[in-house]
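Q: I'd like a close look at one part of this model: how the domains of a chain sit against each other. Start there, then take in whatever else helps me find my way around.

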Amino acid sequence: MTAMPMTNGGGGREVWVTGIGLLSSLGEGLEAHWTQLGGDTQLAPSPVIEAARFAPYPVHPMVALDLNRQIPRRSDQRQMEAWQHIGVYAAGLALDDAGIKGDAALSSNTHLVVAAGSGERDTEVDERILELAKACGEGDLPANEILPSALRPTLFLAQLSNLLAGNVSIVHNVTASSRTFMGEEMAGIAAIENAVRRVASGQVAVVLAGGALNAERNDLLLNFELGSMLWSRPYRATWERSDEGGGFVPGSIGAFLVLEARDHAEARGARPHARITGVLSDRSDRTFGAAASSGSRLITRLVRPGDLAGLAVLSGASGVEPVTGDELGLLTSDALGSIRPPIRAYGTALGHGVEAHFPAGVALAALALSKGAFYPPLDAAGIECPTLAKPDRILVTGFGHWRGEGVALLEEIV
Amino acid sequence: MIPRIHEVFSRQELRDSKKRPVVAITGIGVITALGAGVSENWRALIAGRSGLRRITRFPTDGLKSNVAGTVDYIVPAPASSVSRSVAMAIEAASEAIVQARIGSPGRFPGPLFVATPPAELEWAHLLQLYGVNNGSGSTGYSQLLTAGRSGRWSHLRSTLRFASPAEILAVRFGTQGQPVTLCTACASGTSSIQLGMEAIRRGAAQSALCIGADGTVHPEGMIRFSLLSALSTHNDPPEKASRPFARDRNGFVIAEGAGALVLENYSVARARGARILGIVSGCGEKADDYHRTRSRPDGTAMIGAVQNALDDAAVEPEEIDYINAHGTGTPENDRMEHLSLRAVLGDRLDRTPISSNKSMIGHTLIAAGAVEAVFSLMTIGTGTLPPTINHDVPDPEIELDVVPNVKREGKVRNVLSNSFGFGGQNVCAVFAAEPQ
């Protein structure tokens, strides 16, 4: 939903990012991402691509995780599928980073907001059932004969969208409240927006918000391929797929943030990465030019046109057309002013994280602001220009591959 | 300069004891196995009539449970749990908006918060895709993906996008801004109301459309819950399948339905002459960290949700006149719900009637909180407490006045409505009569 941004002077409480948990094909944690993305060297990173396992679809595979580090109980590990492992792990990293993990009272007062899609199916079970059904001949699936023996109750729990949140509560004892938002990219935007608004309005003091995607799943690929949304050619950077019709390359991502009221963070001595000064979203009907107009309205409510000094942009563009081209057109037009801020489509390096994509963008923005530098260009085509200027504000965009537009603005805490 | 409407109201806006704008309900709509519309549902509900019946949508032989609260009179094409949910959501929301007389046709002046079931391929779809002979000789998901790449199945995409139901509803009703889709399992309907309430309290909106819808009675849905031993196996007769709080209860009955509510800033609603059906005076949440399907044995999370709801609404336990129970009819839920209410309400609970709509409509899962909010408001508005039917064998360990089997009249100002979800998401709401 749209509402006035609660930027400085808006009467709301300041919202700080005091914890970040980030996992992707590039590695685990903030330092790994800063290094792999070339934050220090300003050398373009090499994306990690799995081209063979799901051919013709390239995906960005999750880095190997030692689950015991964040999900100590084996029984918990067994009750989850990879999607939930990634999310619970990233949530644990964020809580560690914020200094909340292990503080029972604080965990119990921490609110949880998760962006989720469908849970995971056991594709081997599906395949077995499909073969059995085929052997039975035409007609209905003899569901009642096959399914009860094939399905496991624990698997059903892995399929429920709200069970990532359930598992985060169980493993990390975050229990003040628990909300799960859906709607692909909009799930991630709604999660961050809801968390920020509740903190800014004084309703709550600390929120753990984020999402996860396991890209290495045939059932996920099937869902998106039925909508013709996937990139099925050899890997290319996000901006460089339009002449072949566009498409997204899924990336396994876990991204969680601890968002905290400034006074609460200061009282407990928490170290902030950055502050979030605004999150806005809207819905356009995606007729010609509608997404760009919607995005333009949102951006100019957060950033005064012409006042682009110190601004950098982390674009959540998916690569799906025409919206990716529309977004690029907007960001490189004069709509925002004559100075072009440096733009990085972070999905080029991480892949597209769908529900987790916007939280990942916010995480990367907070990381860059805390490091006092920006990322090098991620593409080879020169659309993204190098910059050595230190950003003091980063705009994160989230244009859904099908619906929804969202933006967030983060600022350096001096 | 002429002040804008909300600025005028902000000067004379009715605030609650915590200085927040009061949130009114001006429209309600519902659809369940008992029928379409508030009137038809309410007549059946206070008559103690069950809407549960034998499943005819698909063969049930071999299943331990074959009763459900299906909504069979809405048959969307193509049939899927998502399309059924959307069709029911449209029915319920249309009724609520017409009653509220808000906005103009196709233009609702606030945001949409909607809870819908998972967007996923059902077996019928998988079998269709798998049955395509594309000459590739491939099997398994490779075959499914090959069929998917052909583009011939793109009509299934609306079944697979979580953003789809909200998009359809946003277009249909012309709601403002990005629609929000949410899931807190069986607490989802209440969460949708909570999100609307919060937006109005923050001043981010003057009205909100809050919907919960669920149409997931399909074979895999039944089997999943059956494997968790969550479903009632009292199949004969079907209308006796759901037995909340009874000693012989052994599970819930899966059901379909939708509930919709129009929430408004109270002062804005009054100023435009809207009929006030009641107030959302507060919501409370608390998540469980004990187990994926069981609540912490000491009831910490449920107790927290009830207590937080009372705190948020600034009402004392003795001010609660009636409780609309989560009351699923599973041995675990009803025992824990009683324990939790006892912990918060103490002796007052002995004088607080509580009933479970699910005894008649079954458990509408994602929709339940919204459906039961509608009935909570009807209870406030009519002074009639719907019964808990099938209460033939009271459970000696559950000392509750469940309004057994027959409706009762009584003055009801404040209702506590409970929603406890699988996965540990607990949300409770307090609804109240219009301030005097």
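A: In this predicted model, the C-alpha centres of domain 1 and domain 2 of chain A are 20 Å apart. The domain assignment puts residues 15–127 + 152–267 of chain A in domain 1, and 276–411 in domain 2. As for how they meet, 61 residues of domain 1 of chain A touch 49 residues of domain 2 of chain A.

Let's stay on the domain 1 side for a moment. The elements of chain A that put two or more residues into it are β1 (15–24), α1 (30–36), α9 (185–200), β5 (206–213) and β6 (253–261). Of these, α9(A) brings the largest share, with nine residues. Sort that side of domain 1 by residue type and you get 37 nonpolar, 19 polar and five charged.

Since α9(A) gives so much of that side, zoom in on its contact with helix α15 of chain A, residues 357–371. The two axes come within 6 Å of each other and cross at roughly 50°. An angle of 35 degrees or more but below 65 falls outside the parallel and perpendicular classes, so α9(A) counts as oblique to α15(A). If you want to click on residues, pick A:E185, A:G188, A:I189, A:A191 and A:I192 on α9(A), which meet A:H357, A:F358, A:P359 and A:V362 on α15(A). That helix-to-helix contact breaks down into six nonpolar residues, two polar and one charged.

While you're in chain A, two backbone oddities are worth a look. As background, most residues other than glycine have a negative phi, and most peptide bonds are trans. The bond from A:A55 to A:P56 is cis, with omega near 10°, and A:P56 belongs to the loop between α1 and α2 (74–78) of chain A. Then there's A:N173, which isn't a glycine but has a positive phi of about 60°. You'll find A:N173 in the loop between α8 (163–172) and β4 (177–182) of chain A. Its 19 C-beta neighbours inside 10 Å fall short of the 20 needed for buried, so A:N173 counts as partly exposed.

Now over to chain B, where the assignment gives domain 1 as 5–119 + 161–432 and domain 2 as 123–158. Here the C-alpha centres of the two domains lie 38 Å apart.

Chain B also touches chain A: 64 residues of chain B are in contact with 61 residues of chain A. Several elements of chain B supply at least two residues each to its side, among them α4 (123–130), α7 (163–173), α8 (188–202) and β9 (278–287). The largest share, six residues, comes from α5(B). By type, chain B's side divides into 34 nonpolar, 16 polar and 14 charged.

Which residues touch the most other members of the largest nonpolar core? They are B:A89, B:I211 and B:L261, in a core of 287 residues. Helix α3 of chain B, residues 81–100, is the top contributor to this core, with eleven residues. Beyond its neighbours within four places in sequence, B:A89 contacts B:V114, B:P165, B:L169, B:I211, B:A213, B:A258 and B:A260.

Chain B has backbone oddities too, and two of them share a loop. The one between α9 and β8 (257–265) of chain B holds B:P237, and B:F245 is also in the loop between α9 and β8. The peptide bond from B:D236 to B:P237 is cis, with omega near -15°. B:F245 has a positive phi of about 70° although it isn't a glycine. B:F245 is buried, because 26 other C-beta atoms lie within 10 Å.

One last stop is B:V406, in the loop between β12 (384–385) and β13 (408–409) of chain B. With 14 C-beta neighbours inside 10 Å, B:V406 is partly exposed. Setting aside neighbours within four places in sequence, B:V406 contacts B:G48 and B:P387.

Definitions and conventions: Residues numbered from 1 in each chain as written. Chains lettered and ligands numbered in written order. Predicted model: local features only at pLDDT ≥ 70, side-chain atom pairs only at ≥ 80, totals over all residues. Helix = DSSP H or I, 4+ residues; strand = E, 2+ residues; numbered from the N terminus. Buried ≥ 20, exposed ≤ 12 C-beta atoms within 10 Å, placed from the backbone. Contact = placed C-beta atoms within 7 Å. Domains from an automatic or database assignment. Nonpolar A, V, L, I, M, F, W, Y, C, P; charged D, E, K, R; others polar. Axes fitted to C-alpha atoms, helices over the stretch in contact; angles between N-to-C directions. Parallel < 35°, antiparallel > 145°, perpendicular 65-115°, else oblique. Core = buried A, V, L, I, M, F, W, Y, C linked by C-beta atoms within 7 Å.
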